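Visitor: I'd like to learn how to read a chain-to-chain contact. Can you walk me through one?

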Amino acid sequence: MNRSIALLAPLCLGLGLTLPVFAQEDEFQTVITPAFSPVTWERLINAEDEPENWMMYSGTLDSQRYSRLDQIDKSNVAELEMKWSYQIPVIDRAETVPTVVDGIMFITEAPSNLTAVDARTGRVYWRYDHELPDDLRICCGRNNRGVAILGETLFMSTLDAHLVAIDARTGNVLWDTEVADYEAGYSKTAAPLIVKDKVVTGIAGGEFGIRGFIDAYDPASGELEWRTYAIPGSGEPGNDSWSGDSWKTGGAATWLTGSYDPDLNLIYWGTGNPGPDWNGDVRLGDNLYSDSALALDGDTGEIAWHFQFTPHDVHDYDSIQVPILADIEYQGSTRKVMMWANRNAFFYTIDRVTGEFLEGDAYASQTWAQGLDPNGRPIRVPGMAPTYEGILVSPPIVGATNWYSPGYSQQTGLFYVTSFDGEQEFFKRDEDYEEGERFTGGGGRYNQPMDAFHSSIRAINPATAQIEWEFPIMPRSSAGITTTAGGIVFTGSADGYFFALDAATGEELWHISLGARVHAAPMTYAVDGKQFVTIASGNVVYTFGLKDN
Amino acid sequence: MSSISTQIKHLLAIAICGTLFAASGGNAEDAGNLYNTRFDINAGLKYFERQCSRCHGFDAKGNDETGAPDLTGRLSRASSDVGIFNIIRTGVPGTAMLPVAADLPDSQVWQLVAYIGSLSTDPANIDLPGSVVAGARLFANKGDCNSCHMIDGQGGRLGPDLSRIGERRNPEELLTDILDPHQEVAPRWWTMRVTDSEGITREGLRMNEDSFSLRIMDAESNLWSYPKRQLASIERVEESTMPSYTQILSDSEVDDLVAYLFSLRKEN
């Protein structure tokens, strides 16, 4: 019954109607029927048809982060008020994007924990604490970004490179599979992606000389179904793009969530930097498939095509961004495209059927490339590789953007990205590989205060790769973006704001100071016909909604 | 003036060697660092660049984004080599500071301790040419420094509080601050000039600026807070308001002022 109520919501909201009110007097008695019903693959394919739920990391399989909910719109967003907050008990950095299914919200927490709360009140149903060894090998903090769900089971990555299956009703562990050996430098932080009857997941460890891969697991047993390495093995096509044995420790981690096109049966996934990051002398060649987008067969994991954004990268320009899939009008015809604002400061529109490069241009400050050639390959500026003494290059190591989710609006046809115009001195060092130790070959140093650089939310037209508008923020932000049918772009900033922009113009509509860094993407959902917007800031998950009438 | 930096380097070398011979055997609880030769410091530097620089920065000056502290001055969580050793070995619970690998030999941890120790300047090992007493007089009189800077609650508000400046800046850096104040200016001391929608312009030190708002202190110490969207114009001057003392003080007077500022520490 709850399911049928839930299905009413998008219909009514789409028509601009007000939903029936369910026992509004007492919020703890509003659930007439039990919350939560199993999440089938059919529901996941059609996730945009039930916008009251947010059933995966990027909202829908195409990762647009566009919600059809329109109760909160440009005319009333300024009236948003806080409805509840949830304090994450382990003090660390929250990068979580919660998942909501039929009134229940699942929140991942640092280091590798998971909590289920009532999505209307933030009060806890259950909590799962993942036991971790105390000698983790992680590059960049104790983070977890979200879960995947199929049936009644949640799937979560853990910092010790495990994939765990958790009962969505109780928090009990159903299985716990070691994906890779954490002592060799492997770890996991990203939400998995459900593809039909498999759990698809990547791996982190690009600063430890790992060999990246994308895996698919049986959701019932946790058995590995297939593994596709992001670096071709000996004798495979592309292996000769690495000098000597450098491919064995070449990185190309796959540490974020990908996307999926059910019609093409293709999985799209980004790969990270080649290792060692800043010393390319020991790994001559293009270093396939580092810094690439991979299109994989949805059943076998076989690579259908690849597009390498930064061949032979020496600046740590990971292609670890969420691929956004959409069908757009391009030069007089409708094209199935993948949109990608890369850490290397270039935006790309790519035909997602074939991998053909369509459009691309710099969307942020950069000094390392003269531009892109007709195939989308960068034309390098000579002499910009890191040196022992240091050389100034833009974008800096953190990139023009990074892992934080971009968004796309079906209303405006624009792509939105959090961008950074900065520069940094890059250094090269000689290092030998030792299993489980960092293998980066250098580093970087800012020569100016962070406030001297420019950050902004930029809206890009994917048909032209040109910037339509930008909204300045400060300092460098690592917040993701969500768009809605209410005409809004929701995002946050490193100085602790959560705010709403007009998706068409970039005009500020509303902001609130949450007081701590927003290090996650917002998401939106509805319960009992009321739309909510949720964002993690600091160590707290905040949920906002319109005033009750 | 250049003689100061040469002297400091010379003295640092003596200090490093001195500590080596003074160190005694023992365990992490009660001993000094046995691994602090130039070789060890260099080995510690290599380990630091590889394992620690991601958070603490290649120059060990910290990173506001990662929350990793500056390791080149006084450390907030450790006041001795043993304290630094224990933090590296066990990490800091509840923070991103993880322990080093359990199988990393103690000798390598000590090398890292030696490297971190080499980043800060121990005043006991520094013999500066200037006079602290004369520097204190210059600060209050000819230099007129106290019209802008506070020390122990006395002085102006238009520059940084210098009560413990000796813990944060070494003599070379202090010299640069005095002679070329624009070279390194923290954003807190930039100047903002704003005009509101009624055409009123105010100028002040940039106490805080964020995506949507701005707070300044004007020359009369008045505090102003503005929503950016209500301002007609915002101008930012990324320079110091402090004058260079090249033409104001003699070389020996600058030496005195450096000696005085470097003496300003908690224990004083």
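Visitor: How many residues does the contact take from chain B and from chain A?

Guide: Bear in mind that this is a predicted model. The contact draws 37 residues from chain A and 25 residues from chain B.

Visitor: And what area do chain B and chain A bury between them?

Guide: The size of an interface is often given as the accessible area lost when the parts come together. Here chain B and chain A bury about 2,800 Å², and 50% of that is on carbon and sulfur atoms. On the chain B side, B:Arg50, B:Glu65 and B:Phe212 supply 30% of the area buried against chain A, more than any other three residues.

Visitor: How many salt bridges are there between chain B and chain A?

Guide: Four salt bridges. One case to look up is A:Arg429 with B:Glu49, whose side chains meet at 2.6 Å, N to O. For polar contacts, the count between the two chains is 12 residue pairs, both residues at pLDDT 80 or more.

Visitor: Which element gives the most to the side of chain B that touches chain A?

Guide: That's H2(B), with four residues. As for chemistry, that side of chain B divides into 12 charged, eight nonpolar and five polar residues.

Visitor: Now a single residue: is A:Ser290 buried or exposed?

Guide: Relative accessible area is the number to check, and A:Ser290 is buried because its value is 0%, with the cut-off for buried being under 20%. A:Ser290 is found in the loop between strands S16 and S17 of chain A. A polar atom of the A:Ser290 side chain lies 2.5 Å from the backbone oxygen of A:Asn287. Leaving aside neighbours within four places in sequence, A:Ser290 has contacts including A:Ala230, A:Thr271 and A:Gln308.

Technical notes. Residues numbered from 1 in each chain as written. Chains lettered and ligands numbered in written order. Predicted model: local features only at pLDDT ≥ 70, side-chain atom pairs only at ≥ 80, totals over all residues. Heavy atoms only, no water. Contact = heavy atoms within 4.5 Å. Buried area = accessible area lost by both parts, 1.4 Å probe. Polar contact = N/O pair within 3.5 Å; in protein donor to acceptor, adjacent residues only side chain to side chain. Helix = DSSP H or I, 4+ residues; strand = E, 2+ residues; numbered from the N terminus. Nonpolar A, V, L, I, M, F, W, Y, C, P; charged D, E, K, R; others polar. Buried < 20%, exposed > 50% of the residue type's maximum accessible area, 1.4 Å probe, protein only.
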